[in-house]
Amino acid sequence: MKEEQIQALRYTARKLVRELGMLEIDLENSQKTPGHWHALIEVAKHPGITISELGRLLLMSISTISRLVKSLVKNGFMNLKEGDDKREKSLFLTDKGQVEIRKINAFSDSKIIGAFEFLTDEEIHQIIGAITKYGEALEKSRAMREEIKIVTLSTSRTIRKQIVNMISDIQEKEFLIPITKETNSCVLKAEEEFYYNNSYNFWYAVNDEGKVLGSIGLKKINNQYGEIKKLFVIKEYRSKGVAQKLMNTLLKAASKHKLEFLILGTVDKFHAAHKFYSKYGFSPVSQKDLPRGFEINPVDSLFFRRDIVY
């Protein structure tokens, strides 16, 4: 997707929030949060919903939703009753809660009806369809992000071969980079480069089905610095948070090992990766300024460095 499309949609979404009055929804200045209104809306729509189910709908942790429900019950907007599941009580709106719902619906309806005056029936139908599709796409994207797990490399030969195949496919099939059997053999021989301080310092991402989605490794060059190696993510999971989770895991390990800075080499074709490195505080470094002990991969033409801040 083009950057201008992302910026346009981001701005439009923020404008919708403002124009729909979500920043001024607390008409009585009672310091009610958006969570207050959304909880009431979902309980009104799903009478008898449990606290955990409500938390999943609102994308809140169990501790956060429990505090919110406790406050709503205390202030007389909801009741807790015994439900089908004896382990959890069900939520229902009180009369006071119903008044709140009518208030928020009237507030929202006035905004929507006002906008409809400037739209044809066909335009309204198109807008509802487009917003529905966008909401569904956001939900699918979130679900993909939530299923991602970062796993530390083990001695499993099968897993190591899956990681090598994933990396090789990206290099050869997607970017047409010529490789040899030795190009990614460091993963198979992980003990030589990635095992130190009693731990493997190579990680891979998987989904709920166990499919390998990406990888990253931290090679310790000396007590001063380390090299980031084999950061790859399969195409269908890019921009889904895989690279971020992998990099965050590596940075925590680098801090644990008391490294002062990190170096990585890459190829000029990986433009998206270059932007990613910059966002994570990496700066370009010339080949002549690479630190002592760094072995240059013949494929790499660009190099980046980041200091570890303690």
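This report walks through the overall shape of the chain, one of its strands, its salt bridges and a surface patch.

## The big picture

Keep in mind that what you're looking at is a predicted model. The chain has 310 residues, of which 38% are buried. Its secondary structure adds up to eleven helices and twelve strands.

How spread out is the chain? Its radius of gyration is 26 Å, while a compact globule of 310 residues would come in near 19 Å. Measure along the principal axes, and the C-alpha trace covers about 70 × 50 × 35 Å. The surface that the chain exposes amounts to about 19,300 Å², with carbon and sulfur atoms supplying 54% of that. As for how the chain folds back on itself, take the contacts between residues at least 6 apart in sequence: 63% of them join residues at least 24 apart.

## A strand tucked inside

A good place to zoom in is β9, which covers residues 225-233. Is this strand buried or exposed? Nine of its nine residues are buried, so β9 is largely enclosed by the rest of the structure.

Two other strands pair with β9. One is β8, which runs antiparallel to β9 and is joined to it by six bridges. Getting from β8 to β9 takes a hairpin of four residues. If you want a pair to look for, Leu218 has Ile228 of β9 as its bridge partner. The other strand is β10 (residues 261-266), which pairs with β9 in the parallel sense over four bridges. There, Glu227 stands opposite Ile263 of β10.

## Charged pairs

Side chains of opposite charge can pair when their charged atoms come close. This structure holds twelve salt bridges. One of them brings together the side chains of Asp208 and Lys149, at 2.7 Å from N to O. Asp208 sits in the loop between β7 (202-206) and β8 (212-220), and Lys149 belongs to strand β4 (residues 149-152), so this pair ties together parts that are 59 residues apart in sequence. Asp208 is exposed, with a relative accessible area of 54%, while Lys149 is partly exposed at 42%.

The loop between β7 and β8 also holds Lys211, whose salt bridge partner Glu236 lies in the loop between β9 and α10 (242-256). Here the N to O distance is 3.0 Å, and the two residues are 25 apart along the chain. Lys211 is partly exposed, with 40% relative accessibility; Glu236, at 43%, is partly exposed too. Elsewhere, salt bridges with shared partners join Glu193, Lys219 and Lys229 into one network.

Another pair to find is Glu182 and Lys189, where the closest N and O atoms are 3.6 Å apart. Glu182 is exposed, with a relative accessibility of 54%, and Lys189 is partly exposed at 34%.

## A nonpolar patch on the outside

Not every spot on the surface is about charge. Leu16, Leu20, Ile112, Phe116 and Ile128 make up a nonpolar surface patch, and together they have about 400 Å² of accessible area.

Where in the chain is Leu20? You'll find it in the loop between α1 (3-19) and α2 (34-45). Leu20 is partly exposed, and its relative accessible area is 31%. Patch members need over 30% relative accessible area, so Leu20 at 31% clears that cut-off.

Key:
Residues are numbered from 1 along each chain as its sequence is written. This is a predicted model: local features need pLDDT of at least 70, side-chain atom pairs count only at pLDDT 80 or more; totals for chains, interfaces and linings use all residues. Side-chain values use heavy atoms; hydrogens and water are left out. Patches are made of residues with over 30% relative accessible area and no salt bridge: like charges are joined within 9 Å, nonpolar side chains (Val, Leu, Ile, Met, Phe, Trp, Tyr) within 5 Å. Accessible areas come from the Shrake-Rupley method with a 1.4 Å probe; for residues, only the protein chains shown count as cover. A salt bridge is a side-chain nitrogen of Lys or Arg within 4 Å of a carboxyl oxygen of Asp or Glu. Buried means under 20% relative accessible area, exposed over 50%, partly exposed in between (1.4 Å probe, protein chains only). The radius of gyration is taken over C-alpha atoms; the globule rule is 2.2 Å times the number of residues to the power 0.38. Contact means heavy atoms within 4.5 Å. Two strands pair if DSSP finds at least two bridges between them.
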